[in-house]
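Student: Hi! I've just opened a new structure and could use a hand finding my way around. Mind if I ask a few quick things?

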Amino acid sequence: MGINIHPKYQNQEEAILQLVKTFFGEGDLIVKGSRNIIKSNLLGNEKVNIKFFQKPGILKSIIYSFFRSTKAKRSFDYANYLLEHSISTPFPIAFIEERNIFGLLGNSFYFCEQMDYDFTIRELIHDSLFPERNIILEQFAEFTFKLHEAKVNFLDHSPGNTLIVNKGDGNYEFYLIDLNRMKFENLSIKKRMDNFKKMWLSKLMVKVVAKKYAQLSKQPEEKLQAILMEKTQQFKRKTARKKYLKRKVRK
């Protein structure tokens with residue numbers, strides 16, 4: 001078992017390993033997927049999140065063992081990169097990788113701080129009367145612009161992956177989660193707008209986001225609105241087709 005701990009938590013190695021040993025029997029369940037599980041538990045007096053990545057199949061195990069960083073390591077490294085560029089994300093504590101005698105990856109774990117938040121973008125999408133909706137969207141556009149300026153193409157930029165904290169007086173803080181799928185590159189304006197497509201923005205929301213992003217990027221508002229609308233509609237049509245085909249196959 002390999003363990004990598006942030007210097008801030010080096011003196012808690014034994015406690016971290018104990019949480020790994022008792023992961024399946026203790027802690028509060030947050031998410032249970034087909035391969036990944038997220039729980040919260042106490043590390044000393046601090047509440048932390050622990051994300052479990054199940055042992056991959058043999059092909060992916062070889063890839064993650066020798067050719068590509070594991071999901072747990074990427075989560076840890078990407079969180080540190082974001083914080084270094086003043087982009088908020090739950091603080092990375094540690095990642096643990098189990099390997100067999102041949103060095104092949106088994107189960108792995110990622111530890112980060114537990115975030116108390118008020119809502120995500122998902123709530124805004126489904127409620128046109130959400131308080132200060134446009135203000136939040138403008139600040140979210142600013143947050144995403146900052147992300148792009150740091151050369152981050154967040155491939156899972158979707159409604160549930162940004163936690164939002166209401167600081168009061170019309171100010172909101174945004175925290176990125178589920179970090180293991182990112183590219184680090186210079187983004188063209190088309191790629192930047194494409195990065196919003198999974199947000200399921202309505203036409204009115206597209207206008208708000210495009211206007212704010214145009215102000216920040218010094219690009220024509222009409223141009224960004226047209227690109228963002230096209231990318232959003234393409235994604236919605238593609239998703240609708242997939243759902244339609246799945247229903248057809250089940251019949």
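Student: Which strands each supply at least two residues of the lining of the largest pocket?
Tutor: Happy to help! Keep in mind that this is a predicted model. The strands are β2 (28–32), β3 (36–43), β4 (46–53) and β6 (105–113).

Student: And how much space lies in that largest pocket?
Tutor: About 630 Å³. Its lining is made of 27 residues, and V31, I38, N49, I177 and D178 are the ones nearest the centre.

Student: Switching to Q139: where is its place?
Tutor: Q139 sits in helix α5, which covers residues 133–149.

Student: Is Q139 buried or exposed?
Tutor: Buried, because its relative accessible area is 18%, and the cut-off for buried is under 20%.

Student: What does Q139 touch?
Tutor: Leaving aside residues up to four places away in sequence, Q139 touches G170, N171, Y172 and F174.

Student: OK, what about D169, where does that one lie?
Tutor: D169 is in the loop between β9 (162–168) and β10 (171–176). D169 counts as exposed, at 80% relative accessibility. Its phi is positive, near 55 degrees, and it is a residue other than glycine.

Student: Which residues form a nonpolar patch on the surface?
Tutor: That patch is formed by I58, L59, I62, I63, F66 and F67, with about 650 Å² of accessible area together. One of them, I58, belongs to helix α2 (residues 58–66). I58 is exposed, since its relative accessibility is 59% and exposed means over 50%.

Conventions: Residues are numbered from 1 along each chain as its sequence is written. This is a predicted model: local features need pLDDT of at least 70, side-chain atom pairs count only at pLDDT 80 or more; totals for chains, interfaces and linings use all residues. Side-chain values use heavy atoms; hydrogens and water are left out. Helices (H or I, at least four residues) and strands (E, at least two) are DSSP runs, numbered from the N terminus. Buried means under 20% relative accessible area, exposed over 50%, partly exposed in between (1.4 Å probe, protein chains only). Contact means heavy atoms within 4.5 Å. Patches are made of residues with over 30% relative accessible area and no salt bridge: like charges are joined within 9 Å, nonpolar side chains (Val, Leu, Ile, Met, Phe, Trp, Tyr) within 5 Å. Accessible areas come from the Shrake-Rupley method with a 1.4 Å probe; for residues, only the protein chains shown count as cover. A salt bridge is a side-chain nitrogen of Lys or Arg within 4 Å of a carboxyl oxygen of Asp or Glu. On a 1 Å grid over the protein atoms alone, a cavity is a set of points where a 1.4 Å probe fits but cannot get out, and a pocket is an open set with protein on both sides within 12 Å along at least five of seven lines; lining residues have an atom within 4 Å of a point. Grid points are joined across faces, edges and corners, and a volume is the space filled by probe spheres set on the points.
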